[in-house]
Every structure is written in structure tokens, then in C-alpha cells.
Amino acid sequence: MFRNTFIIVLGIILAFTPVGGYQEGIIILMCINCIAAMGVSVLTGFTGIFTLGHAAYMALGAYTTGILTVKYGVNFSPAILAGGLMAVLVAWLIGIPTLKLTGDYYAIASIGLGEAIRLIIENWQSLTRGSRGLPGIEPYTSRTLAVILFVGFAIFLFNILDGKIGRELKATRDDQIVASLIGFNTPATKMKALIISAFYCGIAGSLLGGYMCFIQPSMFDMMKSTELTAVVVFGGLGSLSGTILGSMTITLVMEYFRDVSQYRMLIYGLLLVIIMVFRPEGLLGSHEIWELFTRRENK
């Protein structure tokens, strides 16, 4: 109950705090990045499958929604859902052969698959307009929509991670062999994690397209995938609230230092190095933020 209240209060603050146009845009980006990072956290933080290709699922969501709304006049609500489902479909097809890989092998495969999807989008000129990008997307991603989806997806994920699926994911992460011996279907568990992860990233990509009103393949390159994974490590593997906190922190750093773009990536890298040196387990480690408050109360 406390965690749901915490997320709802955070959503109310994000939705109703009076800010200017630029700050409102940052709030929208924060919500989009948090949704994508939560997806990566399910796979990397809670299942232990290291990925460097999830920007491809954001690209699939963004392009599916963009093409449906621009070329076929589909309303943005079902188009956003279609973006998430397209990412799920591709993730399922990719996951059948690749989830048999373990450790660094899957990470390497995810890089190749992510780049392959980006290159397909870039070269499918008749559908995606290639490297020229897809302009004219309706600006459907409002601050209200972004916050509502962020709050809804966060509450949903917190609840399923505290249930049977969460126990399956964590058991698979901690020791796949032992998890299999006690009755968990680990291949199915990993597929569930990948599907949830891809859906979140697909929705985030759809929202990004509606916010930018323009998308192009270079927006979803390996750098974006690396950023998503770095945010999860930054916040703490196995901590969803840490992922949210880390994503918000990184978004604020990247946006407020945009005026000094030549130093922005330096500041971003320095921040990651500082955290890894002084907090190698991440901002919150494997704990949720409310656990810190309850511990202090108990003391």
C-alpha cells in the first residue's frame, strides 16, 4: 500500500507542479525514460540478463505508432498500444533462439540484434523514410498522458514483482539451476521478462515519437541502449525505485546541461564513475526507497 501511495504522490507532483514549457518537456522526458528504464530493469536487474539492445524495441514502438498515425490516420491511443505489441512480437521471435544464451553471450547478441533492427528501419525507405526520418507525427504525448502511463506502469510492475512472477524472476537471476530444480520453468520465466521489458520500451518509444513529433533511426542507436542499461546499474540492480530515481537523475543532468553540449557527456560519464566508485551496488542497491525509511523507523 505504501509503495502505491508513494508512486501516486510522485505522479501528482509531476503532473500538477506549475512549471514553464521547457521544464514541462523535461518532466515528459523523465516519464518516458522511466518507463523504458523500468522495462530494462525487469530483464537486467530482476532476471539477471544483461542487455545492450533495448533501444531497438523503443524504435519499433515509435515507428509503429508513427506510421499508423501519420500514414493511416489511426488514433494515437490504439496506435500506442500497437507500438508496444509490435515490440512484444519481435521480442518473442528474437527470444526463442537468443534466450538460450547466457551471460556475456546474450549481451553480445543483443547488440547485434539491436543494430540489425535499426538498420532495417533505416533502409526500409518505402515504409520508414529511412535516415531522413518520419516527420509530421501528431503531438499526442502530453504531460498528463506521460505521467498517467508512468504511474500506471510503475504500480503494475511493483505489484507483479512482489508476486509469483517476481519470485520466478529473482530465483532465475540468483541461480538458474536451483530455480529449475525447485520447479520454476526458467526458459518461460526469461521469456516473460523479455516480453514485459519489450512492451515497456515499445510504449516508451511510442510516447517519445509523440513528444518529438519526429523520429529517425539515429535516435535509437547503441548509445541509447547503453544509456538505458547504465541507468539500471546506476539506480541499483534489483531496485525498481532505484531505477526510477536513477532515470530521473540522468534525465535532469542531460537536459539541464544541454547548453554546454560539449561537456554534457563528460558530466554524465563522471556522474556514473562517481557512483560506481562510492556506491558500486548503485544508488539503492537491491532495496526499494521506502525500505530505507522503514529501517530508520525501526531503529
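The cavities and one of the pockets of a predicted model are described below.

In this predicted model, 3 cavities reach a volume of 30 Å³ or more. The largest cavity encloses about 70 Å³. Its lining comprises T51, G53, H54, A56, Y57, I94, T98, Y106, S110, L113, G114 and I117. Three helices each supply at least two of the lining residues of the largest cavity, namely helix 3 (55-71), helix 4 (76-98) and helix 5 (104-123). Helix 5 provides the largest share of this lining, with 5 residues. By class, the wall of the largest cavity is divided between 6 nonpolar and 6 polar residues, and no charged residue takes part.

The second largest cavity holds about 50 Å³ of space. The residues that line the second largest cavity are N33, E227, L228, V231, S247, I250 and T251. At least two lining residues come from each of helix 11 (222-235) and helix 12 (240-256). The lining of the second largest cavity has 3 nonpolar and 3 polar residues, together with 1 charged residue. E227, a member of this lining, belongs to helix 11. With a relative accessible area of 15%, E227 is classed as buried, because this value falls under the 20% cut-off. Along the chain, E227 lies 45 residues from I182, and the C-alpha atoms of these two residues are separated by 35 Å.

Among the pockets, the second largest contains about 330 Å³ of space. Helix 3, helix 4, helix 5 and helix 6 (125-128) are the elements that give two or more residues to the lining of the second largest pocket. This lining consists of 14 residues, and those nearest the centre of the pocket are L60, T64, M86, W124 and L127. Helix 3 contributes 5 residues, the largest share of the pocket lining. In terms of class, the lining of the second largest pocket contains 12 nonpolar and 2 polar residues, with no charged residue.

Taken by element, helix 3, helix 4 and helix 5 each give at least two residues to the lining of the largest cavity, and these helices also appear among the elements that give two or more residues to the lining of the second largest pocket. The largest share comes from helix 5 in the lining of the largest cavity and from helix 3 in that of the second largest pocket. Charged residues are absent from the lining of the largest cavity and from that of the second largest pocket, whereas the lining of the second largest cavity includes 1 charged residue.

Key. Residues numbered from 1 in each chain as written. Predicted model: local features only at pLDDT ≥ 70, side-chain atom pairs only at ≥ 80, totals over all residues. Heavy atoms only, no water. 1 Å grid on protein atoms, 1.4 Å probe; cavity = no way out; pocket = protein on both sides within 12 Å on 5 of 7 lines; lining within 4 Å. Points joined across faces, edges and corners; volume = space filled by probe spheres on them. Helix = DSSP H or I, 4+ residues; strand = E, 2+ residues; numbered from the N terminus. Nonpolar A, V, L, I, M, F, W, Y, C, P; charged D, E, K, R; others polar. Buried < 20%, exposed > 50% of the residue type's maximum accessible area, 1.4 Å probe, protein only.
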